[in-house]
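Dear colleague,

I am passing on a structure that will be new to you, and I would be glad if you could look through it with the notes below at hand.

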Amino acid sequence: MGSKLKPGGVRRHLKEKVVQMYEDLFHGTDPCVNNARFWEDLFLLKPKMSAMEGEISRCSSEQLVGLKENINTLFAKCVQTLAHQHNIRVVNALLTLCSLVRGLYRKMQGDYGFDFINILIGFDAAEEQMQLLLNHCSNFLTGEYCDSLKSLSLKFLLVLATGTDNISQNTVLEYLTINCNFDAVIQLLSHSSTRAQHGPEAVLYLMLMVNYRKHEMTNPYTVNISLLDDELLLNGYGQVITASLADFNHKYSSHFMEPQGSGWFASLTSMVGSMFLSEEMATRNEHIKANDSFLLALYEAVHLNRNFITALTTATDPSTPPSPANTLDRSATPPPPTTPDTPLTPPSTQIPPQVSMEMEASVQPTNLLVTFLEYCSIVMQDTKTEESLNNVKLCFIIVTCISEDQYCNLLLHDANLVFTVPLHRLPMRHRKPPPDRTPHARPLACAVLDVMVEFMMSHMMKKLPVELFVQSVSIIHRLLCYQKRNSVRLPYNWKELWAALIALAKFLVTNEAYLAKKMNIFQLAHQIMNIFNLFITYGDTFLSTPSSYDELYYEIMRMHQVFENLYSMSLRYARTDGDYKESAQRLTNSLGNVRSIINHFTPKLDKWSQEHGISTLTEEQVLEVVRNNYDSLTLKLHDSLDQYEKYSERPNHATFFANMVRSILSDTRQSIDFTAFENLSILQELSNST
């Protein structure tokens, strides 16, 4: 019997045929010399992506230049095979392209210009080959092809888009702008089946392409998403984002919220803002970062497309699980009688009558903005890590864009468009748990104010996230400006807002010695006083009730010492030469009306106390004195109280977004997974669809 061992007792290492073919290809010789059917055989075999990427990684830069002809031929043969009638060959060609491109990206280490394109495709043939390639990808996405081929086409586009750390340096993407496939990708969102399967990757790809040289050129993806007015596509885009955020919210609630009946705001444990247990902070950060791409997609839509505002507030039925598939197909026939914006429970879902009645009593309509605001109330609980801080900053930028849009403000303040928003509060030792109350439906502007108030009350700390505070107060100011200009009387408990602003002012004064060395607290304090001046000067035109204006004066008198201390602090800095002199002077001037109120009513209250022999006045007694002495009060009319600087991405936030995109690129590059294409079920699907 012949021995199965080579001399020395070493068992012969058998290699898969496709691996041997890769070796022939990357050894520099013409692979067809020894096998005339090399290219036909290659695409019949299931690619071994790690083996091809390994071959590329073992080559030096000089060797890759020497292999240019073979690599160019491989690329061209892959593109040619995409037109083949058998889907198995097509998928194998696409997988080969994915591993070839990914392997070269990793190897080139930053040289993504001429040399990369020349080695991959050949510069002379690049334009024609990329046009053919992208036309095939668009055809797979829009045609009657199996889900696996559509999914692989999207993954390949993501491989192209995520090859570099700086997306604007990825020269390959120039061909994706020349041969823009926006329409092919966005159409995946118009059908429930394709949206469920491919929606997240489609939205991710479009978001990345919008950020390619966005400030340096006329980007066709930016133009297309700006002009998109198809309501079904916009709603589909929004539902993909809603599904991701709603899943995060659901996980949070299932881990930390008490059962219904104990209150929406109740919490099981002191979680320090963590979605999971405190020892799993890294896992929490991963979950937060996973939503960065969807938040950035939401930002681009809100920032670029005014038509998207409708999708933000389109009501959906939460009785069905949040899913990208939770809308009607373009081809579906809507059953009567329902609005086209309201998705239905799938016909196959049978709900027992008693369960249906319970659901009807507890379930409220929701929308993307409701889900987003709930998400904000969760992630802002912890801003200690860079990931969570950036996530909250992006959330607040989105709310800023929303709060200064005229049409969106109209919807936010519409008394007939009310929603119940389940907001979450961070358990803190210095405040009691909120009363056990069921939240009721209100205009969405109330929920926005609640989120901002909660942020202020829960983040007064020595390591003050001052930029987030400036954003938060700016959002409040924008909403008030709209209410003042349009005489909108929002049914809101303004005492909570005033208390939060006064508490923040007190915190700044108390910690001035420490904070003033690290940040400009006078700018933030000036914003606070602008809001109070807006209430004092114009409050009678937009406060919900006449008594609210009296209550404002009561709060100012009750907390007069805070304002006096704030004035003393600002005056001290305004009289000395320093970095904050101008900011301190503006703050000093803005305190004029509040000090006039205090100086006017203090002697009136003292006189009333003496006449009635009462040392401590009740709230009603103070309010009575206030109402009887308005006439003799003199106030100054401040200019431009209802003016603000419009949001602009450049230059203030350009670096932030560049770093955010860089992080998303890195995470996406590592998460693109091709293991599903190793399953036999995929081969069966491809065989059946051939």
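What follows goes through the cavities first and then through some details of the backbone.

Please keep in mind throughout that this is a predicted model. When the whole structure is searched, two cavities of 30 Å³ or more are found, and the second largest cavity has a volume of about 30 Å³. Its lining is made up of Ile225, Leu228, Leu234, Tyr237, Ala301, Asn305 and Phe308. Sorted by character, the lining residues of this second largest cavity comprise six that are nonpolar, one that is polar and none that is charged.

Turning to the backbone, the loop between helix H31 (619–628) and helix H32 (654–671) holds Pro651, and the peptide bond that joins Arg650 to Pro651 is cis, with an omega of about 0°. The loop between H31 and H32 also contains Ser640, whose phi is positive, at about 60°, although Ser640 is not a glycine.

A positive phi also occurs at Ser487, where the value is near 50° and the residue is again one other than glycine. Ser487 is found in the loop that runs between helix H23 (466–486) and helix H24 (494–510). Is Ser487 buried, partly exposed or exposed? Its relative accessibility is 48%, and because partly exposed covers the range between under 20% for buried and over 50% for exposed, Ser487 counts as partly exposed.

With best regards

Definitions and conventions: Residues are numbered from 1 along each chain as its sequence is written. This is a predicted model: local features need pLDDT of at least 70, side-chain atom pairs count only at pLDDT 80 or more; totals for chains, interfaces and linings use all residues. Side-chain values use heavy atoms; hydrogens and water are left out. On a 1 Å grid over the protein atoms alone, a cavity is a set of points where a 1.4 Å probe fits but cannot get out, and a pocket is an open set with protein on both sides within 12 Å along at least five of seven lines; lining residues have an atom within 4 Å of a point. Grid points are joined across faces, edges and corners, and a volume is the space filled by probe spheres set on the points. Ala, Val, Leu, Ile, Met, Phe, Trp, Tyr, Cys and Pro count as nonpolar, Asp, Glu, Lys and Arg as charged, and the others, Gly among them, as polar. Helices (H or I, at least four residues) and strands (E, at least two) are DSSP runs, numbered from the N terminus. Buried means under 20% relative accessible area, exposed over 50%, partly exposed in between (1.4 Å probe, protein chains only).
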